[in-house]
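Biologist: Could you take me on a close look at one strand in this model, and tell me what surrounds it? I'd be glad of a little background on the whole chain too.

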Amino acid sequence: MNRRKFITRTAQVSALSAVPIYHTFAQAPNLSKSINENVLPKKLKKGDTVGLIAPGYALSQKALENAITNVKAIGFVPYHTPRIVGNFGYFSNTDKARVEDIHEMFLNPDIDAIFCARGGYGCTRILKDINFDYIQQNPKILLGFSDITALVNSIYQKTGIVTFHGPVGTTLNNDYNREQLEKIVCHANNSIPLATETFTASQTIADSTFEQYVINPGIAKGKLAGGNLSLLSAMTGTDFEVDYTDKIVFIEEIDEDPYRVDRMLTQLLDSKTFKNAKGIVLGVFKGCDDPDRSNSFSLKEVILDRIKPMNIPAIYGFSIGHIDNNLTLPVGINAQLNTNNFSLELLENSVS
């Protein structure tokens, strides 16, 4: 699953008509509410309605049908508007229509949660057009990864609503991803341990990006923030730049040459707040250790060179990102990183 090739074009699917489309887009009042405290979205239960959106790239008919099947397999009722299949170049629809779909899913009282059907590219184009007042007044679970990094971090920073970095609709296709998601979004538990998948020696030998190692030992506590490295880099210097102060930062990537990983990590290191992070959790950077240049550094050499001098607890090889088994991480929730047992523990509820 390449972030930049994450499914192609699509056609209209009419399998879902259970929920009426909600067309109220009246301007919401400006909110002055402080976001110093987290806003927890409502937990999900079997039979709840999940709105599917495609805020970036277009979906093929098969991909949309797969996302629908996957949502049903967990026990939720999927719903989408016709905008999800608008097909505007390589996007699922125009910028305007994709923003309207986000607004409608939050404003519609019959939608219990919002899952992004896929990633790709396009979320950073529409951030400036999103009415975050609509979202703040209607807190709901928002789930996705890859390009959705832009949405999950921006919504949390602008509204205080906890969001969820995890599988998209098309990758909720295995028991691991479904079970880990349910553990986070269907239960209000004060403490949830998140142990990474352990990769075998043969898997590591076949693909060096699956090697798991400690960069700096230690224990760190802080709120979770992060996502795809390309998106975190692209948001740096904008109004939507992530504030990494006192955060446990998780980062994943796919199919980037080591020098590109070097460049993007360097950009984060040179940003205003990344140096103030409490800990770093790197996922599996699949496809990032196959350099085009014969005299390249390895991925591991780049990561050690860029991250180790931060002198904060840091690990590489956690089960997040563009791999088969992808953990769900709640953005904004306090967590503890323990490099001794290669684990994360959520320290508070992420749903109410």
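Modeller: Happy to! This is a predicted model, and of the chain's 352 residues 59% count as buried. Ten helices and 14 strands make up its secondary structure. The radius of gyration is 19 Å, close to the 20 Å that the globule rule gives for 352 residues, so the chain is as compact as a globular protein of that length. Its C-alpha trace spans about 55 × 40 × 35 Å along the principal axes. Among contacts between residues at least 6 apart in sequence, 82% join residues at least 24 apart.

Now for the close look: I suggest strand β9, residues 247-252. Six of its six residues are buried, so β9 is largely enclosed by the rest of the structure; buried here means under 20% relative accessible area. In a regular strand, side chains alternate between the two faces of the sheet. Both faces of β9 are covered. Lys-247, Val-249 and Ile-251 are buried on one side, while Ile-248, Phe-250 and Glu-252 are buried on the other. The buried set thus includes the charged residues Lys-247 and Glu-252.

What pairs with β9? Strand β8 (residues 219-228) runs parallel to β9 and is joined to it by six bridges. Across that pairing, Lys-223 stands opposite Lys-247. Strand β10 (residues 279-283) also pairs with β9 in the parallel sense, over four bridges. There, Ile-251 has Leu-282 of β10 as its bridge partner. To picture β9, then, think of a strand with parallel pairings to β8 and to β10, and with both of its faces covered.

Key
Residues numbered from 1 in each chain as written. Predicted model: local features only at pLDDT ≥ 70, side-chain atom pairs only at ≥ 80, totals over all residues. Heavy atoms only, no water. Helix = DSSP H or I, 4+ residues; strand = E, 2+ residues; numbered from the N terminus. Rg over C-alpha atoms; globule rule 2.2 N^0.38 Å. Buried < 20%, exposed > 50% of the residue type's maximum accessible area, 1.4 Å probe, protein only. Contact = heavy atoms within 4.5 Å. Pairing = 2+ DSSP bridges.
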